[in-house]
Amino acid sequence: MLETPRLLLPPLTREHTADLVTLYSDPDVARYVGGARLTPATIPRQAEVLADEWDERGCGQSAVVERSTGAFLGRVGLHYWPAWDEVELGYVLAAHAQGRGLAAEASGAWIDWARTHLGRKSLVAVIQPANAASVGLALKLGFALDRADVTESGDAVEVYRLPLG
């Protein structure tokens, strides 16, 4: 489990399904990470996929848990895109947790981990162009725009890249 001064970042598991349902129930939070596709009926499958990634790849998304309160604040971590053969650093925080530097703190821990353990030359951040806050965080973390692309689900995205070496 990764840790930061303010956060615990345990692996995201099926046991976090209810937390994810709560997180994605806010349309402003969900709109750039699946939007209407994220429903109480579909979120359990996403939780399974995220948990399976840990089993298959040895890393994945972590829960973002506030150290001082134990509150679930969101998710952050790595996700493999087989269509692109790339690993994404992704982050989603509840609205009440945004604007406090927590996503940058958690993402920084994952970047440090990736530099030491991942064995890849770079990470990507896959972001819908209208998501200005996510673009801003990616730039702050050192990512640079690499290309425009389309996800398997048909979402137009910008792919930002961060060299790890």
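What follows is a short exchange about a predicted model.

Biologist: What makes strand β5 largely enclosed by the rest of the structure?

Modeller: Buried means under 20% relative accessible area. In β5, residues 86-93, 8 of the 8 residues are buried, so the strand is largely enclosed by the rest of the structure.

Biologist: How do you know that both faces of β5 are covered?

Modeller: In a regular strand the side chains alternate between the two faces of the sheet. On one side of β5 sit Glu86, Glu88, Gly90 and Val92. On the other sit Val87, Leu89, Tyr91 and Leu93. All of these are buried, so both faces count as covered.

Biologist: Why are β4 and β5 called paired?

Modeller: Pairing needs at least two bridges. Strand β4, residues 72-81, and β5 have 8 bridges, so they pair, and the sense is antiparallel. Within this pairing, Gly77 has Gly90 of β5 as its bridge partner.

Biologist: What is the phi of Asp85, and where does Asp85 lie?

Modeller: Asp85 lies in the loop between β4 and β5. The hairpin of these strands has 4 residues between them. Phi of Asp85 is near 50°, a positive value in a residue other than glycine. Most residues other than glycine have a negative phi.

Biologist: Why is Asp85 called partly exposed?

Modeller: Buried is under 20% and exposed is over 50%, with partly exposed in between. Asp85 has 43% relative accessibility, so it counts as partly exposed.

Biologist: How do you know that the buried residues of helix α5 are on the same side?

Modeller: The buried residues of α5, residues 132-140, are Ser134, Val135, Leu137 and Ala138. They cover an arc of only 160° around the axis, which puts them on the same side of α5. The face turned away from that buried side carries the exposed residues Ala132, Ala133 and Lys140.

Biologist: Which elements do the buried residues of α5 pack against?

Modeller: They pack against β5, α4 (102-117), β6 (122-127) and β8 (156-163).

Biologist: What makes β6 mostly covered?

Modeller: In β6, 6 of its 6 residues are buried. Ser122, Val124 and Val126 are buried on one side, and Leu123, Ala125 and Ile127 on the other. β6 also pairs with β8 in the antiparallel sense, over 6 bridges. One bridge joins Ile127 to its partner Glu158 in β8.

Biologist: Where is Gly142, and why is it called partly exposed?

Modeller: Gly142 lies in the loop between α5 and β7 (144-150). Its relative accessibility is 40%, and partly exposed runs between 20% and 50%, so Gly142 counts as partly exposed. Phi of Gly142 is positive, near 105°.

Biologist: What does Gly142 touch beyond four places away in sequence?

Modeller: Gly142 touches Arg161 and Leu162. Gly142 and Tyr160 are 18 residues apart in sequence, with 9.4 Å between their C-alpha atoms.

Biologist: Why are helices α1 and α3 called oblique to each other?

Modeller: Helix α1 is residues 17-24, and helix α3 is residues 43-57. They pack at an angle of about 125°, with their axes 9 Å apart. Roughly perpendicular covers 65 to 115 degrees, and roughly antiparallel starts over 145. An angle of about 125° fits neither, so α1 and α3 are oblique.

Biologist: What is the hand of the crossing, and which residues make the contact?

Modeller: The crossing of α1 and α3 is right-handed. Thr17, Leu20, Val21 and Tyr24 of α1 make the contact with Ile43, Pro44, Gln46 and Ala47 of α3.

Notes
Residues numbered from 1 in each chain as written. Predicted model: local features only at pLDDT ≥ 70, side-chain atom pairs only at ≥ 80, totals over all residues. Heavy atoms only, no water. Buried < 20%, exposed > 50% of the residue type's maximum accessible area, 1.4 Å probe, protein only. Helix = DSSP H or I, 4+ residues; strand = E, 2+ residues; numbered from the N terminus. Arc of directions from axis to C-beta. Contact = heavy atoms within 4.5 Å. Axes fitted to C-alpha atoms, helices over the stretch in contact; angles between N-to-C directions. Left-handed = near helix turned anticlockwise from the far one by under 90°.
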